[in-house]
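Here are some notes to go with the model, written as I scrolled through it. Have it open on your screen as you read.

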Amino acid sequence: MDIQLWRETLSPYVLAVDEIVVKFKHMINEYRDIGRYCPIEQVEGRVKQISSILEKAHKKGIPIGDVEDRIVDIAGVRLICQFVEDIQTVVDIIKNREDMKVVYEKDYITNSKESGYRSYHVIIEYMVNTSKGPKTLKAEIQIRTLAMDFWATIEHSLQYKYKFNMPTQIRDRLSKAANAIIVLDEEMSAVRDEIMDAQNSFQLKANLVSDILNNIQNLYKKANKREIVKIQDEFLKIYETGDLYELERFHKELDIISEGYRAQSL
């Protein structure tokens, strides 16, 4: 790494983070569009600031020229899950991708850090195409639950404030909070099926409503106004009842009507 050209050095990492984040967000949307539960709830990404890179290199005794080889989290992506059980599913998804090669893994969930930190880290090799040609670099993907992420964010802020010399009483409180996070994740896992059923029903209803409204909008240009008003009134009546079965029935009937108008226009 040429310290004078650090912006140019970090540019491919910015590209990598942007691409990886977009890919996982697209995956989330794919799952939701077909009404399936997605094991990934949120995606975040960042490139380590040059000051943090230099600080880490100094702390670990890494020469500037070896930074890209020995600091594996210059590019970082965080995948947030709802349940602990989702984490291994996400790890398997990453391993099965052809555009990411897993170099090694760190399981801080089975073996949490002394501070109470829990997360699953996957180090990958990822290729980006830059103006100077293809470049393969390392990136760290952190996979954790919403509760783990909340704790880790607070702990990181406190470590930064106290320069890794946190007062004992605060460290003890964080440790107790980490134990509470474990209990919370366990409780959420206990009602996982019920939560997933509720969320899947909500997403299915949202998809149905979106399709119905698209059909009504398309019919507006083809059907007579009286028929459109009648269809719209029936939809609103069914929608207010919240009856998913009736929405599905209405959706199918509207598809048949729309198909009839499409056939007439041919």
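The points below cover salt bridges, a helix pair, a surface patch and a few single residues.

1. First, a caution: this is a predicted model. Please read every distance and percentage below as a value computed from that prediction.

2. How many salt bridges does the structure hold? The count is 15. I picked out three of them for a closer look, starting with D86 and R192, whose closest N and O atoms are 2.9 Å apart. This pair links distant parts of the chain, since D86 sits in helix α4 (residues 84-96) and R192 in helix α7, with the two positions 106 residues apart. Is D86 buried or exposed? D86 counts as buried, because its relative accessibility is 1% and the cut-off for buried is under 20%.

3. The next pair is R97 with D99, again with 2.9 Å between the closest N and O atoms. Here both partners fall in the middle class: R97 counts as partly exposed at 22% relative accessibility, and D99 is partly exposed too, with a relative accessible area of 27%.

4. D149 and R144 make the third pair, a side-chain salt bridge with an N to O distance of 3.0 Å. Both ends are buried: D149 comes out at 12% relative accessibility, and R144 at 2%. Don't look at this pair in isolation, though. Salt bridges with shared partners join E44, R78, R144 and D149 into one network.

5. Now for the helix pair, α6 (residues 168-190) and α7. Their axes come within 5 Å and cross at roughly 65 degrees. Which residues meet there? From α6 you have M188, S189 and A190, and from α7 you have R192, E194 and I195. Sorted by type, the residues of this contact are three nonpolar, one polar and two charged. R192 is worth a second glance, as it turns up in this contact and also in the salt bridge with D86.

6. Staying with α7 (residues 192-219), find L204, which lies in that helix. L204 is partly exposed, with a relative accessible area of 31%. Setting aside neighbours within four places in sequence, L204 is in contact with L244 and E248. You can also check L204 against R32: the two are 172 residues apart along the chain, and their C-alpha atoms are separated by 8.4 Å.

7. Over in helix α1 (residues 6-33), compare T9 with E8, which is found in α1 as well. T9 is buried, at a relative accessible area of 13%, whereas E8 is partly exposed at 48%. What does T9 touch once neighbours within four places in sequence are left aside? Its contacts are M1, D2 and E68. For E8, I have a long-range distance instead: E8 and L213 are 205 residues apart along the chain, with 48 Å between their C-alpha atoms.

8. Last, the surface. I3, L54 and I64 make a nonpolar patch of about 200 Å². One of these, L54, is placed in helix α2 (residues 50-60). Why can L54 be counted in a patch? L54 has a relative accessible area of 33%, so it passes the cut-off of over 30% that patch residues need. That same 33% makes L54 partly exposed.

Key
Residues numbered from 1 in each chain as written. Predicted model: local features only at pLDDT ≥ 70, side-chain atom pairs only at ≥ 80, totals over all residues. Heavy atoms only, no water. Patch = residues over 30% accessible without salt bridge, like charges linked within 9 Å, V, L, I, M, F, W, Y side chains within 5 Å. Areas by Shrake-Rupley, 256 points an atom, 1.4 Å probe, with all protein chains shown as cover. Salt bridge = Lys/Arg side-chain N within 4 Å of Asp/Glu carboxyl O. Helix = DSSP H or I, 4+ residues; strand = E, 2+ residues; numbered from the N terminus. Buried < 20%, exposed > 50% of the residue type's maximum accessible area, 1.4 Å probe, protein only. Contact = heavy atoms within 4.5 Å. Axes fitted to C-alpha atoms, helices over the stretch in contact; angles between N-to-C directions. Nonpolar A, V, L, I, M, F, W, Y, C, P; charged D, E, K, R; others polar.
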